[in-house]
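Reader: Please take a close look at the backbone in the loops of this one for me, and then carry on to whatever surrounds it. I work at the bench, so keep it plain.

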Amino acid sequence: MKEAISARRVRELVGELPAGPAYSGLADRLTLLIGDRRIPLNVRLPSERALAAALGLSRTTVTRAYDTLRDNGYAHAAQGSGTFTAVPGGHERAHDRVLVAGGAGDDWIDLGCAADSAPAEVMAAYAAALADLPAYLGRHGYFPSGLPVLQEAIAAGYAARGLPTDPGQIVITPGALTAAGVVVRALARHPGRVLLESPTYPNASEMLRASGLQLHECPLDGNGWDIAGIADTLARVRPDFVYLIPDFQNPTGAVMPAAQRRQLAQALRSHGTRAIVDETHHALALDGQAMPPPFAVFDPEAVTLGSMSKTHWGGLRIGWIRAPRTLVGTLVQARMSLDLGVPVVEQLAAAHLLRLGPVPPRQIERLRTQRDALIGLVKTHLPSWRFNPPAGGLTLWCELPHRGAAALAAAVAASRVALTPGPVFSPGGGLDTFVRLPWTRPEAELRDAVERIAAAWHRLEADGQQTGVSRTRARAVF
Ligand SMILES: Cc1ncc(COP(=O)(O)O)c(C=O)c1O
């Protein structure tokens, strides 16, 4: 039997309608809610009469809104049984199969990917971007270092964080991962060495390895970074680069305190090692706390990477490099051997979004609620798992009482939950006692997922399958 959503729940989710015609405002809200699955797919929407009563609107208004949804592929009518949610082109089209273990199905819960759905502001920013576009159509449209309005908005963000930045120091890229790739393309010598945290963001370690660099690890644990240990490794290995994620590190959620940033910057300076600092998560402070100053405040030679994928939406594909002035020419030259810039509409939309602030406030509220829900669920259903509750970011890094993370990921895949085990985050192997759980899905999905994970975990425990597979590699994990 298909599920239904009540008029009261739809009213809660829709909230206050924007100014303008009520039917189009309602259709826009429902489109977003269905698009990001807060209203799941194949669910029966309330009858027009019930929703009109719940929202205090006329029945004609709701009828027109449902007509719009149907015309745009976000709903379909089933003869005699009501209106059901859908997405244009069908469910398969809305997923990238590569990112979901075993392929996307309607009943898969994707905890493999730590990226949230788009907040409402993204759609509005695209509309504003289209209105700005005509001013750019009369020229060639290539901006290899970035659209000036976006460079300015990003530079203003650094200035507000205590790092004065000229817009010319910003190079816009299609995401932070590409930004890192451009930096390595421009600055690496061969053979070269890079020091990176373990655990770390796996796509970055894959990119660094594929660039021909030799990888060296510095361990990161619940207490964060061991700066004295890193300084010893710098002296011993003499790496060209260190790749750091000091703000809500992926996957641990750790934040490097200001004093450690200062000490590490000093050590890097004395060994001539350049920091590549990935700040993808810095704006995701969920408890209203102030963040330490950017790493480049302490290390002016650092190259900083930024992204809107985690604060706004991965589909924007907007990231950037903030570099010392002397490096900008080399970086732009290197990027031009790869691509010639980022689409203008996306850059315009990004500039609109950043002028509203580093992250939409409702996005922070939503992530905070989901984080708290996930923490509660893990404590209840998996009491033997240990974690440090992160004050921000997107993920809970859970330590299991014994090895078996890879075996668990395989077991929960059979229950249609995609999960990323610790070894994926370890550049050199190991970490099979860890699992990363993102809180980027709605609360109901998190509950369902944790219950399925707990069932699989308890089954594995009962079977005594504790050894697991020592190493699995996922192609794409966010
Ligand atoms: C630390 C870190 N850097 C970069 C990225 C990728 O960002 P983008 O989508 O901007 O390439 C991610 C995505 O998970 C990440 O966690």
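Author: Let's start with Arg416, which is partly exposed at a relative accessible area of 33%. For that kind of label, buried means under 20% relative accessible area, exposed means over 50%, and partly exposed is in between, with a 1.4 Å probe and protein chains only. Before going further: this is a predicted model, where local features need pLDDT of at least 70, side-chain atom pairs count only at pLDDT 80 or more, and totals for chains, interfaces and linings use all residues. Residues are numbered from 1 along each chain as its sequence is written, and side-chain values use heavy atoms, with hydrogens and water left out.

Back to Arg416. You'll find it in the loop between α16 (405-414) and β13 (417-418). Those element names come from DSSP runs numbered from the N terminus: helices are H or I runs of at least four residues, strands are E runs of at least two. What catches the eye is the phi of Arg416, which is positive at about 65° although this residue is not a glycine. Most residues other than glycine have a negative phi, and most peptide bonds are trans.

Arg317 does something of the kind: its phi is positive, about 55°, and it isn't a glycine. Its loop runs between β10 (303-307) and β11 (319-322). Arg317 counts as partly exposed, with 35% relative accessibility.

Now for the cis peptide bonds. One of them joins Ser198 and Pro199, with omega about 10°. Pro199 sits in the loop between β5 (192-198) and α9 (202-210). Another cis bond runs from Asn250 to Pro251, and there omega is near 15°. Pro251 belongs to the loop between β8 and α11.

Stay in that second loop for a moment, and look at Thr252. It lies between β8 (241-244) and α11 (258-271), and it's buried, with a relative accessible area of 12%. The side chain of Thr252 makes a polar contact of 2.8 Å with the side chain of Gln249. (A polar contact is a pair of N or O atoms within 3.5 Å; within protein, one must be able to donate a hydrogen and the other to accept it, and residues adjacent in sequence count only if both atoms are side-chain atoms.) A polar atom of the Thr252 side chain is also 3.2 Å from the backbone nitrogen of Ala254. Leaving aside residues up to four places away in sequence, Thr252 touches Pro199, Leu220 and Trp397, where contact means heavy atoms within 4.5 Å. So there's Pro199 again: the proline of the Ser198 cis bond is one of the residues that Thr252 touches.

Helices next, for a bit of contrast. Gln151 is in helix α7 (residues 148-160) and is buried, at 9% relative accessible area. A polar atom of its side chain lies 2.8 Å from the backbone oxygen of Ile170. Not counting residues up to four places away in sequence, Gln151 touches Ser145, Gly146, Pro167, Ile170 and Ile172. Met123, in helix α5 (residues 120-132), counts as exposed at 56% relative accessibility.

Then there's the ligand. It has 14 residues around it, and Ala176, Asp278, Ser307, Ser309 and Lys310 come nearest; being near takes a heavy atom within 4 Å. By class, this shell holds five nonpolar, six polar and three charged residues. Here Ala, Val, Leu, Ile, Met, Phe, Trp, Tyr, Cys and Pro count as nonpolar, Asp, Glu, Lys and Arg as charged, and the others, Gly among them, as polar. A ligand oxygen is 3.0 Å from a polar backbone atom of Leu177. For the side chain of Ser307, an oxygen of the ligand is 2.6 Å from an N or O atom, and for the side chain of Lys310 that distance is 2.4 Å. The ligand on its own exposes 400 Å², of which the protein buries 99%; accessible areas come from the Shrake-Rupley method with a 1.4 Å probe, and for residues only the protein chains shown count as cover.

Finally, zoom out. The protein has 17 helices and 15 strands. Of its 478 residues, 53% count as buried. Its C-alpha trace spans about 75 × 65 × 35 Å along the principal axes. The exposed area of the protein is about 20,400 Å², with carbon and sulfur atoms supplying 53% of it.
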